[in-house]
Amino acid sequence: MTNLSIQDRINQELNKILQALQQLEIFLRELSHQSNVMYQNALINSIALNLHGVYTGIERIFEAIAKKIAQRFPTGDKWHRDLLEQMSVDIPKVRKAVITEETRLILDELRRFRHLVRSAYSCQLDEEKVLIIPHEIVNSYQTIINDIQLFCNNLSKGKT
């Protein structure tokens, strides 16, 4: 896979992530105007699912970078956490860090939340947590995107 096709794949994922975030914002607005408990629960579940999708999309970007550029993909039970860590460090003569440490911390919280969504029944989700995380992600989205776009710019300049 060439750098250009990696950039194309990253941009495709970023577009899907943006769509999920837009849905998330719609659900959050709708939730604030809703008094029907059953509808509120459905919206909370939809918010959790969209947060899951956002992290999964970011992780797909990181997988492509790890496999095609660094050719070092973590294995084992903690590969999700290890992949995130790998993206936050420079690999000499291979590539610069994809994300900053600040971004890694934000994404690690989202990764843990995604794990919770995958592991729990929707009735077990902590409503308060489900409603805190999306605001953090919406507020941090531009920082995350800036890190990934800077990495892509370095790719196109041959500065991997």
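**Figure 1. The largest pocket is lined by D77, K78, H80, R81, R111, R112, R114, H115 and R118.** This is a predicted model, and the close-up shows the residues around its largest pocket. The volume of that pocket comes to about 170 Å³. Which helices each supply at least two residues of the lining? They are α3, spanning 79–87, and α4, spanning 101–119. The helix that gives the most is α4, with 5 residues in the lining. Sort the lining by class and you get 7 charged residues, 2 polar ones and no nonpolar ones. As a general point about finding such spaces, a probe the size of a water molecule is rolled over the atoms, and this shows where empty space is left.

**Figure 2. Five helices in a row make up the pattern of the protein.** Before the next close-ups, here is the whole chain for orientation. The protein has 5 helices and 0 strands, so reading along the sequence gives α-α-α-α-α. How does the radius of gyration stand against the globule rule? It is 17 Å, close to the 15 Å that the rule gives for 160 residues, so the protein is as compact as a globular protein of that length. Along the principal axes, the C-alpha atoms fill a box of roughly 55 × 30 × 25 Å. Buried residues account for 42% of the 160 residues. Take the contacts between residues at least 6 apart in sequence: 65% of them join residues at least 24 apart. About 9100 Å² of the protein is exposed, and carbon and sulfur atoms supply 49% of that.

**Figure 3. I58 sits in helix α2.** Is I58 buried or exposed? With a relative accessible area of 3%, I58 falls under the 20% cut-off, so it counts as buried. Leaving out residues up to four places away in sequence, I58 touches I17, L107 and I144. L14 is worth picking out here too: its C-alpha is 7.7 Å from that of I58, with the two positions 44 residues apart along the chain.

**Figure 4. G53 is another residue of helix α2, which covers residues 37–70.** G53 has a relative accessible area of 32%, so it counts as partly exposed. Look across from G53 to R114: the two are 61 residues apart in sequence, and their C-alpha atoms are 8.4 Å apart in space. You have met R114 already, as one of the residues lining the largest pocket.

**Figure 5. Q86 lies in helix α3.** The relative accessibility of Q86 is 12%, so this residue counts as buried. What does Q86 touch, not counting residues up to four places away in sequence? The list is A66, A70, R72, P74, I91 and R95. One of these partners, I91, gets a close-up of its own next.

**Figure 6. I91 is in the loop between α3 and α4.** Though it sits in a loop, I91 is buried, with a relative accessible area of 8%. Set aside its neighbours within four places in sequence, and I91 is in contact with A70, R72 and Q86. A70 and R72 turn up among the contacts of Q86 as well. For a long view, try N36: I91 and N36 are 55 residues apart in sequence, and their C-alpha atoms are 51 Å apart in space.

**Figure 7. K93 is found in the loop between α3 and α4.** Is K93 buried or exposed? Its relative accessibility is 90%, over the 50% cut-off, so K93 counts as exposed. I91, also placed in the loop between α3 and α4, is buried at 8%. The backbone of K93 deserves a look too: phi is near 65°, a positive value in a residue other than glycine. As a rule, most residues other than glycine have a negative phi.

Note on methods:
Residues are numbered from 1 along each chain as its sequence is written. This is a predicted model: local features need pLDDT of at least 70, side-chain atom pairs count only at pLDDT 80 or more; totals for chains, interfaces and linings use all residues. Side-chain values use heavy atoms; hydrogens and water are left out. On a 1 Å grid over the protein atoms alone, a cavity is a set of points where a 1.4 Å probe fits but cannot get out, and a pocket is an open set with protein on both sides within 12 Å along at least five of seven lines; lining residues have an atom within 4 Å of a point. Grid points are joined across faces, edges and corners, and a volume is the space filled by probe spheres set on the points. Helices (H or I, at least four residues) and strands (E, at least two) are DSSP runs, numbered from the N terminus. Ala, Val, Leu, Ile, Met, Phe, Trp, Tyr, Cys and Pro count as nonpolar, Asp, Glu, Lys and Arg as charged, and the others, Gly among them, as polar. The radius of gyration is taken over C-alpha atoms; the globule rule is 2.2 Å times the number of residues to the power 0.38. Buried means under 20% relative accessible area, exposed over 50%, partly exposed in between (1.4 Å probe, protein chains only). Contact means heavy atoms within 4.5 Å. Accessible areas come from the Shrake-Rupley method with a 1.4 Å probe; for residues, only the protein chains shown count as cover.
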